[in-house]
Amino acid sequence: MLKSVKGHKPQSRFDRGVSTVLVGLSSNVILAVIKIFTGIIGNSYALLADGIESTLDIFSSVVVLGGIKISSMPADENHPYGHGKAESLAAMTVSLVLLMAGIGIAVKSVLEIMQPHHAPAFFTLIILVMVIITKEILFRFLFSVGKSVDSLSLKTEAWHHRSDALTSAAAFIGISIAIIGGKGYERADDWAALAASGIILFNGINMLKHSIQEIMDYAPNPETEETIRSIAGRVAGVSAIEKCRVRKSGLNLFVDIHVEVNGDMQVHKAHAIAHEVKDALMTSSLGIADVLVHIEPAKHS
């Protein structure tokens with residue numbers, strides 16, 4: 001058996017993750033201030049709730065940033081497989097924050113529905129249009145980068161922005177109904193906030209499920225394993241791939257693979273093939289941090 005040699009996480013993947021989070025973080029700070037201020041002076045609880053959710057987004061961005069930075073730390077004596085799970089824990093934390101935000105907004109919305117109040121001001125709609133466009137752009141940007149570097153915390157953070165965009169869209173509809181409908185429709189704004197909380201809760205539960213799966217070493221999609229088998233199988237001297245186990249840790253993958261070679265082959269040659277298999281996988285674009293190769297005699301030999 002070829003012993004594992006620790007790989008290095010490509011710096012570019014880490015840099016992309018950090019810079020992407022910082023873009024979202026700075027945007028959240030600006031939007032949170034604008035939405036909370038406008039919600040107060042414009043008499044819109046839906047917009048105020050949206051601003052509070054954006055404030056929580058600031059916290060979640062900091063958590064994601066910390067998770068990515070910790071996960072990039074090299075392996076040490078106490079963490080021989082590195083610190084990649086910090087990224088999964090960050091995703092779980094953000095998911096829980098998302099759930100708490102949804103519950104809080106739902107409770108407050110119900111309380112506001114039960115109390116009579118004035119309709120929101122018209123200018124709040126202008127702010128909401130700006131917010132919806134900005135948040136949707138941020139969602140697409142973060143999700144695209146998260147997908148390219150295979151970061152669950154980035155994709156979870158992206159959905160945080162999408163939830164914000166959906167909350168703002170619901171607020172826009174509610175405020176429009178309240179303004180157009182006039183007297184008797186003032187609570188439409190609060191019903192919109194309540195509907196948005198349901199969307200937030202749904203996304204929070206979905207992302208929490210994925211983060212738990214990653215922490216539990218849930219297998220990646222079948223296409224990834226098939227690609228790994230294909231790369232290893234093309235190495236000269238490899239007869240077949242008996243087993244292939246893949247797990248994700250942070251931005252990278254760890255692979256355990258059983259490779260079949262001619263049973264009459266000399267040990268040093270089989271050992272060399274194992275190194276070639278590992279090198280082929282480590283230099284691929286899959287973001288593999290480490291490979292453990294086990295040599296098996298081919299069944300037909």
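These notes go through a predicted model of one chain, from its overall build to a few single residues.

1. Overall build. The chain holds 8 helices and 3 strands. In sequence order the elements read α-α-α-α-α-α-α-β-β-α-β. A student tracing the chain from its start therefore passes seven helix symbols in that pattern before reaching a β.

2. Overall dimensions. The radius of gyration of the chain is 25 Å, whereas a compact globule of 301 residues would have one near 19 Å. Along the principal axes, the C-alpha atoms fill a box of roughly 90 × 30 × 30 Å.

3. Burial and contacts across the chain. Of the 301 residues, 48% count as buried. Among contacts between residues at least 6 apart in sequence, 76% join residues at least 24 apart.

4. The largest nonpolar core. This core has 22 residues, and those with the most contacts inside it are Ile-228, Val-255, Ile-257, Val-259 and Val-277. Two or more residues come from each of helix H7 (222-233), strand S1 (240-249), strand S2 (252-261), helix H8 (267-282) and strand S3 (288-297). Apart from this core lies another, of 12 residues, which includes Val-18, Val-63, Ala-90 and Leu-154. As background, nonpolar side chains in soluble globular proteins tend to be buried together.

5. The strands S2 and S3. Which sense does the pairing of S2 and S3 take, parallel or antiparallel? The two strands pair in the parallel sense, over 9 bridges. Within this pairing, Val-255 stands opposite Val-291 in S3. Between the two strands the chain passes through H8, and the resulting β-α-β crossover is right-handed.

6. Val-259. Which residues does Val-259 touch, if those up to four places away in sequence are not counted? They are Val-238, Ala-240, Ile-241, Val-277, Val-293, His-294, Ile-295 and Glu-296. Val-259 is also one of the residues with the most contacts inside the largest core.

7. Ile-295. This residue lies in strand S3. Is Ile-295 buried or partly exposed? Ile-295 counts as partly exposed because its relative accessibility is 23%, and buried means under 20%. Leaving aside neighbours within four places in sequence, Ile-295 is in contact with Val-259, Val-261, Ala-270 and Ala-274. The C-alpha atom of Ile-295 is separated by 7.9 Å from that of His-271, and these two residues are 24 residues apart along the chain.

8. Glu-225. Helix H7 contains Glu-225. With a relative accessibility of 29%, Glu-225 counts as partly exposed. Glu-225 and Val-246 are 21 residues apart along the chain, and their C-alpha atoms are separated by 6.9 Å.

9. His-161. The last residue in these notes is in helix H5 (residues 152-181). His-161 has a relative accessible area of 0%, so the residue is buried. What does the side chain of His-161 make a polar contact with? The partner is the side chain of Lys-135, at 3.0 Å. Lys-135 is also among the residues in contact with His-161 once neighbours within four places in sequence are left aside; the others are Gly-24, Asn-28, Leu-138, Phe-139 and Leu-142.

Note on methods: Residues numbered from 1 in each chain as written. Predicted model: local features only at pLDDT ≥ 70, side-chain atom pairs only at ≥ 80, totals over all residues. Heavy atoms only, no water. Core = buried A, V, L, I, M, F, W, Y, C linked by side-chain atoms within 4.5 Å. Buried < 20%, exposed > 50% of the residue type's maximum accessible area, 1.4 Å probe, protein only. Helix = DSSP H or I, 4+ residues; strand = E, 2+ residues; numbered from the N terminus. Contact = heavy atoms within 4.5 Å. Polar contact = N/O pair within 3.5 Å; in protein donor to acceptor, adjacent residues only side chain to side chain. Pairing = 2+ DSSP bridges. Right-handed = clockwise from strand over helix to strand, strands pointing away. Rg over C-alpha atoms; globule rule 2.2 N^0.38 Å.
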